[in-house]
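Visitor: I have a few questions about how the terms are used here. Can we take them one by one, with the reasoning?

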Amino acid sequence: MKFEVLILGNSSATPMYERHPSSQVLNFNEQLFLIDCGEGTQMQLFRYGIKSNKISHVFISHLHGDHYFGLVGLLSSMNLSGRKSELHLYAPSALKEILDIQFKHSDTTLRYDLIFHSTNSEESEVILQTKMLTVTSFSLKHRVPTTGFRFDEGKRSASLIREKIEKLNVPTVFLSQLKKGVDCIGTDGTRYSASELTSPAPRSRSYAYCSDTRAFAGYISAIQHVDLLYHETTFLHEMVDRAEETFHSTALEAAEVALQIGAGKLLMGHYSARYRDLTPLLTEAKSKFSNTHLSEEGKWYLV
């Protein structure tokens with residue numbers, strides 16, 4: 001089952017050095033989620049072969065332009081391309097007013113249902129629950145109301161031991177039950193034991209997206225033990241005063257968070273335009289948390 005993230009944009013406020021404002025696609029079992037939608041997102045989707053009409057849910061962390069200025073264009077393009085399926089949008093409540101005004105004055109009527117869900121920047125909430133995926137929003141600390149998003153995979157099924165299945169000629173009708181741990185009995189009385197015919201279920205995986213924020217205690221409990229943590233790393237720690245002033249994080253601070261929560265891997269992003277070479281940011285973070293990686297546009301990262 002796929003669980004991976006494609007980086008569309010990893011720059012901070014200003015597009016620079018072929019880096020674009022924040023946006024990424026999460027592929028969970030071929031269901032596509034868009035996380036933030038900075039300027040140029042739809043061109044990045046096209047560049048990396050993602051069909052926008054396959055996106056079912058959009059999550060906007062906050063209303064600074066580098067995280068949502070691409071949304072109106074994307075929604076309009078979906079309309080022009082004949083989208084019919086509904087689209088769920090999770091964002092601060094004020095975004096609905098912005099979209100309504102835009103569509104009113106451009107005389108645009110969407111031919112698909114845009115279902116708006118207001119996020120709460122004050123506390124953690126489960127905002128989407130399916131059989132195999134739970135999405136939770138949580139508070140971040142920025143200059144405007146901001147939420148992060150955590151994606152948790154549901155309980156995974158056990159893996160069939162194919163050699164034993166084939167050797168015993170287990171009826172295919174039993175396979176789904178065996179994967180769920182249920183023993184089955186054939187019409188001839190043969191008992192098929194799930195514990196003998198399956199391997200333990202793989203561990204469920206998790207991904208957390210922390211956009212613009214100061215590193216602070218308030219979100220630590222919400223992102224405990226995630227397999228992959230995306231955390232903004234706007235500045236080197238020598239500019240921590242600037243980070244505090246603008247409510248951003250340094251590479252060192254993000255690494256300290258990753259270490260504190262027991263993350264499996266840290267993915268850096270939201271780089272300041274002052275850094276053409278990102279190596280110093282990576283070096284600083286790795287000094288505290290070794291399994292740290294620079295996010296690169298166009299690259300998929302496994303959760």
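Guide: Yes, starting with a cut-off. A residue is called buried when its relative accessible area is under 20%. Keep in mind that this is a predicted model.

Visitor: Why is Leu229 called buried?

Guide: Its relative accessible area is 0%. The cut-off is under 20%. Leu229 is therefore buried.

Visitor: Where is Leu229 found, and which residues is it in contact with?

Guide: Leu229 is found in strand 15. Contact means heavy atoms within 4.5 Å. Leaving aside neighbours within four places in sequence, Leu229 is in contact with Ala208, Cys210, Ile223, Val257, Ala258, Ile261, Ala263, Lys265, Leu266 and Leu267. Lys180 is another matter: Leu229 and Lys180 are 49 residues apart in sequence and 29 Å apart in space, C-alpha to C-alpha.

Visitor: What makes strand 15 largely enclosed?

Guide: Count its residues. 5 of the 5 are buried, so strand 15 is largely enclosed by the rest of the structure.

Visitor: Which residues of strand 15 lie on each side?

Guide: Leu228, Tyr230 and Glu232 are on one side. Leu229 and His231 are on the other. Both faces are covered. The general rule is that side chains in a regular strand alternate between the two faces of the sheet.

Visitor: How do you know that strand 15 pairs with strand 14 and strand 16?

Guide: Pairing needs at least two bridges. Strand 14 and strand 15 are joined by 4 bridges. Strand 15 and strand 16 are joined by 5. Both pairs therefore pass the cut-off. The strands run parallel in the pair 14 and 15, and also in the pair 15 and 16. As examples, Ala208 stands opposite Leu229, and Leu228 has Lys265 in strand 16 as its bridge partner.

Visitor: What makes a group of residues a nonpolar core?

Guide: The members must be buried residues of a nonpolar list that includes Leu, Ile and Tyr, joined through side-chain atoms within 4.5 Å. The largest core has 29 residues. Tyr219, Ile223, Leu229, Ile261 and Leu281 touch the most other members. Strand 14, helix 8, strand 16 and helix 9 each supply at least two residues of this core. Helix 8 gives the most, with 6 residues. A second, separate core has 26 residues, among them Val58, Leu74, Leu87 and Phe116.

Visitor: Which residues does Ile223 touch?

Guide: Not counting residues up to four places away in sequence, Ile223 touches Phe138, Arg150, Ala208, Cys210, Leu229, Val257 and Ile261.

Visitor: Why is helix 8 called mostly covered?

Guide: Helix 8 spans residues 251-261, and 8 of its 11 residues are buried. Each of those 8 is under the 20% cut-off. They are Ala251, Leu252, Glu253, Ala254, Ala255, Val257, Ala258 and Ile261. The cover includes strand 15, helix 7, strand 16 and helix 9. Just after helix 8, Gly262 takes a positive phi of about 70°.

Visitor: How do you know that helix 8 and helix 9 pack?

Guide: Two packed helices are described by the angle between their axes and the distance between the axes. For helix 8 and helix 9 the angle is about 35°, and the axes are 8 Å apart. The crossing is right-handed. Ala251, Leu252 and Ala255 in helix 8 meet Leu281, Glu284 and Ala285 in helix 9. By class, this contact has 5 nonpolar, no polar and 1 charged residues.

Visitor: What makes strand 6 and strand 18 the edges of their sheet?

Guide: The sheet is open and has 7 strands, in the order 6-5-4-3-2-1-18, with mixed pairing. Strand 6 and strand 18 each have a single partner strand, so one side of each is left without a neighbour in the sheet. The twist averages 20° from one strand to the next. Within this sheet order, strand 1 and strand 2 pair in the antiparallel sense over 6 bridges. Glu4 stands opposite Asn27 in strand 2.

Visitor: How many helices and strands does the chain have, and how much of it counts as buried?

Guide: The chain comes to 9 helices and 18 strands. Of its 303 residues, 53% count as buried.

Terms used: Residues are numbered from 1 along each chain as its sequence is written. This is a predicted model: local features need pLDDT of at least 70, side-chain atom pairs count only at pLDDT 80 or more; totals for chains, interfaces and linings use all residues. Side-chain values use heavy atoms; hydrogens and water are left out. Buried means under 20% relative accessible area, exposed over 50%, partly exposed in between (1.4 Å probe, protein chains only). Axes are lines fitted to C-alpha atoms, for helices over the stretch in contact, and angles run from 0 to 180 degrees between N-to-C directions. A crossing is left-handed if the near helix is turned anticlockwise from the far one by less than a right angle, and right-handed if clockwise. Ala, Val, Leu, Ile, Met, Phe, Trp, Tyr, Cys and Pro count as nonpolar, Asp, Glu, Lys and Arg as charged, and the others, Gly among them, as polar.
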